[in-house]
Amino acid sequence: MVKIQPKTLFVGKNILYLPTCHSTNEIARQKIQNEEFINGTVIYTDYQTNGKGLRGNHWESVATENLLMSLIINPEFIKVEDQFLLNILTANSIHQLLTTLGFENVTIKWPNDIYINDKKVAGVLIEGSISGNKLGPMVIGIGLNIYQKIFNNEKASSLLAENKDFTLSRNQIIEQFCEIFESGFNKFQALGKPYLLNYYLENLFGINQKRKFLVNNIEIFGIISGIDNFGRLELISENEKKYYDLKEIKYLFE
Ligand code: BTN
């Protein structure tokens, strides 16, 4: 097995591999709680017995076929009100990783799902705490489908399903992700928000397109026009700009 040795200063320099665990995000949170973590630590596993997804969902993954990892990051320079930018940085990094690996039609579905050819290949769950007016250490959980071929959900896919010649190992993917993430993290610190937001909006799934959504159990149509300063989705619907957070809106695919 190829050892994970990213060319970075801190992301992925400390790696913890667990053959199985309940949730890598939970393991990371425990480490933060017990103050036994190093900034940039990556925890990954072959199988989670209680993998967590967005909106309280479970994250299912066939053992050893996919990437299930959590990264602990101490983003001291990010203001509390800007914490959604960590979601953006992570989504951008996965997007960049997949395009670097040669995939086409890669998009970011708000807030931070990654799609190839209109099918979800990766999801992100970020958890963390706030101390005073600063962000405490954050856990960035990433589930990236690599080799899995059969899915219950017809909108889910994997790298191998989208490219039958895909051969990169999970460890090589972790290594490349760490390098791309650290480089994006440093650029964000040096250049600020616009750099992140421009990349995100350029690659946002459905941008400037009319799409169907569910809001308060009612189907609506809206043109995706961007995100606001809190990371909420901005839609133009009935000639008005409207803003929604994750709990308030659901995409409906036709
Ligand atoms: C989503 O619902 O789209 C987010 C899924 C995030 C899943 C990953 S897998 C590794 C990490 N540990 C977890 O329990 N969840 C995240």
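**Reading a predicted model and its ligand**

Me: What makes the pairing of a ligand oxygen atom with the side chain of Lys120 a polar contact?

Reply: An oxygen atom of the ligand is 2.7 Å from an N or O atom in the side chain of Lys120. A polar contact is a pair of N or O atoms within 3.5 Å (within protein, one must be able to donate a hydrogen and the other to accept it, and residues adjacent in sequence count only if both atoms are side-chain atoms), so this pair qualifies. Please keep in mind that this is a predicted model, where local features need pLDDT of at least 70 and side-chain atom pairs count only at pLDDT 80 or more, while totals for chains, interfaces and linings use all residues. Residues are numbered from 1 along each chain as its sequence is written, and side-chain values use heavy atoms, with hydrogens and water left out.

Me: What other polar contacts does the ligand have, with Lys52 and with Gln48?

Reply: A polar backbone atom of Lys52 is 2.7 Å from an oxygen atom of the ligand. A nitrogen atom of the ligand is 2.9 Å from an N or O atom in the side chain of Gln48.

Me: How do you know how much of the ligand the protein buries?

Reply: The ligand taken alone exposes 420 Å², and the protein buries 98% of that. These areas come from the Shrake-Rupley method with a 1.4 Å probe (for residues, only the protein chains shown count as cover).

Me: Why is the ligand said to sit in the largest pocket?

Reply: The ligand sits in the largest pocket, which means that more than half of its atoms lie within 2 Å of the pocket's grid points. A pocket is an open set of points on a 1 Å grid over the protein atoms alone, with protein on both sides within 12 Å along at least five of seven lines.

Me: Which elements give two or more residues to the shell around the ligand?

Reply: They are helix H1 (24-33), strand S3 (67-73), strand S6 (119-131) and strand S7 (134-144). S6 gives the most, with four residues. The names come from DSSP runs, numbered from the N terminus (helices are H or I with at least four residues, strands E with at least two).

Me: Which of the residues around the ligand come nearest?

Reply: Of the 20, they are Ser23, Gln48, Lys52, Leu54 and Lys120. A residue counts as near if one of its heavy atoms lies within 4 Å. The shell divides into seven nonpolar, ten polar and three charged residues.

Me: What makes S6 and S7 a pair of strands?

Reply: Two strands pair if DSSP finds at least two bridges between them, and S6 and S7 have nine, so they pair, in the antiparallel sense. Ser131 has Lys134 in S7 as its bridge partner. Their hairpin has two residues between the strands, and Gly132 takes a positive phi near 65°.

Me: How does S5 pair with S6?

Reply: S5 (residues 113-116) and S6 are antiparallel, over three bridges. Ile114 has Ala122 in S6 as its bridge partner. The hairpin has two residues between its strands, and Asn117 in the turn has a positive phi of about 50°.

Me: What makes the bond before Pro111 notable, and where is Pro111 found?

Reply: The peptide bond from Trp110 to Pro111 is cis, with omega near 0°. Pro111 is found in the loop between strand S4 (106-109) and S5.

Terms used. On a 1 Å grid over the protein atoms alone, a cavity is a set of points where a 1.4 Å probe fits but cannot get out, and a pocket is an open set with protein on both sides within 12 Å along at least five of seven lines; lining residues have an atom within 4 Å of a point. Ala, Val, Leu, Ile, Met, Phe, Trp, Tyr, Cys and Pro count as nonpolar, Asp, Glu, Lys and Arg as charged, and the others, Gly among them, as polar.
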